[in-house]
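This report examines a single protein structure, with attention to its internal space, its charged pairs and its nonpolar packing. The sequence and the model are shown first.

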Amino acid sequence: MTDSTAAPRSPLPGWVWTAFATAAAAVDLASHLFRDWVPHDEGALGLAGALVRGGAWPHRDFSDIYSGGLALLDAGTQLLLGDDLHALRIPLGIA
């Protein structure tokens, strides 16, 4: 006798649904990644990254509006991808 209260099984395994949801989220993120950011954040993030590249340390040598780790991430991103503000959005989009 079958259990009539059991949920119907999906014809696709769970990893397929997870991959589909991840791909849909990535497409949505990619469509918004390079627009609709807060202007004061862009300047603060770019400046903090540039100061760290110059040898300054967040919260010790300059006031940072974020935790300090973001300034280090932005400095590394600027070293790899250049001083373009769009480059600062890429690691945050990946995260």
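## The Asp61–Arg60 pair

Asp61 is partly exposed, with a relative accessible area of 42%. The structure is a predicted model, and values of this kind are computed from its atoms. Asp61 forms a salt bridge with Arg60, and their closest N and O atoms are 3.0 Å apart. Arg60 itself counts as exposed, at 61% relative accessibility.

## Salt bridges between separate parts of the chain

The count of salt bridges comes to three. One of them joins the side chains of Arg89 and Glu42, with an N to O distance of 2.4 Å. Arg89 belongs to helix 4 (residues 85-94) and Glu42 to helix 2, so this pair ties together parts that lie 47 residues apart in sequence. Arg89 is buried, with a relative accessible area of 6%. Glu42 is likewise buried, with a relative accessible area of 16%; the threshold for that class is under 20%.

Another salt bridge is formed by the side chains of Arg53 and Asp83, at 2.7 Å from N to O. Because Arg53 lies in helix 2 and Asp83 in the loop between helix 3 and helix 4, the pair ties together parts 30 residues apart in sequence. Arg53 counts as partly exposed at 34% relative accessibility, while Asp83 is exposed, with a relative accessible area of 54%.

## Contacts of Gln78

How does Gln78 of helix 3 stand with respect to solvent, buried or exposed? At 5% relative accessibility, Gln78 counts as buried. When residues up to four places away in sequence are not counted, Gln78 touches Gly46, Gly49, Ala50, Arg53, Asp83 and Leu88. Both Arg53 and Asp83 are thus contacts of Gln78, and these two residues are also the partners of a salt bridge.

## The nonpolar core

Which residues make up the largest nonpolar core? It consists of six residues, namely Ala48, Val52, Ala56, Phe62, Ala71 and Ala75. Helix 2 and helix 3 each supply at least two residues of this core. As a general background, nonpolar side chains tend to be buried together in soluble globular proteins.

Ala71 is a member of this core. Leaving aside neighbours within four places in sequence, Ala71 is in contact with Ala48, Gly49, Val52, Pro58 and Asp64. Among these contacts, Ala48 and Val52 also belong to the core. Gly49 is a contact of Ala71 and of Gln78.

## The enclosed cavity

Empty space left among atoms can be shown by rolling a probe the size of a water molecule over them. In this model the structure holds one cavity of 30 Å³ or more. About 40 Å³ of space lies in the largest cavity.

The lining of the largest cavity is formed by Ala44, Leu45, Ala48, Asp64, Ile65, Tyr66, Leu70, Ala71 and Asp74. These lining residues divide into seven nonpolar, no polar and two charged. Helix 2 (39-53) and helix 3 (69-81) each contribute at least two residues to the lining. Ala48 and Ala71 are among the lining residues, and both also belong to the largest nonpolar core. Asp64, another lining residue, is in contact with Ala71.

## The loop between helix 2 and helix 3

Two residues of this loop deserve a note. His59 is found in the loop between helix 2 and helix 3 and has a positive phi of about 70° although it is not a glycine. Most residues other than glycine have a negative phi. His59 is partly exposed, with a relative accessible area of 48%.

Gly54 is found in the loop between helix 2 and helix 3 as well. Gly54 counts as exposed, at 69% relative accessibility. From C-alpha to C-alpha, Gly54 and Leu88 are 17 Å apart in space, with their positions 34 residues apart in sequence counted as separation.

## Gly69 and its distance to Phe20

Gly69 lies in helix 3 and counts as partly exposed at 39% relative accessibility. How far apart in space are Gly69 and Phe20, C-alpha to C-alpha? The two residues are 32 Å apart in space and 49 residues apart in sequence.

Conventions. Residues are numbered from 1 along each chain as its sequence is written. This is a predicted model: local features need pLDDT of at least 70, side-chain atom pairs count only at pLDDT 80 or more; totals for chains, interfaces and linings use all residues. Side-chain values use heavy atoms; hydrogens and water are left out. On a 1 Å grid over the protein atoms alone, a cavity is a set of points where a 1.4 Å probe fits but cannot get out, and a pocket is an open set with protein on both sides within 12 Å along at least five of seven lines; lining residues have an atom within 4 Å of a point. Grid points are joined across faces, edges and corners, and a volume is the space filled by probe spheres set on the points. Helices (H or I, at least four residues) and strands (E, at least two) are DSSP runs, numbered from the N terminus. Ala, Val, Leu, Ile, Met, Phe, Trp, Tyr, Cys and Pro count as nonpolar, Asp, Glu, Lys and Arg as charged, and the others, Gly among them, as polar. A salt bridge is a side-chain nitrogen of Lys or Arg within 4 Å of a carboxyl oxygen of Asp or Glu. Buried means under 20% relative accessible area, exposed over 50%, partly exposed in between (1.4 Å probe, protein chains only). Contact means heavy atoms within 4.5 Å. A nonpolar core is a set of buried Ala, Val, Leu, Ile, Met, Phe, Trp, Tyr and Cys residues joined through side-chain atoms within 4.5 Å.
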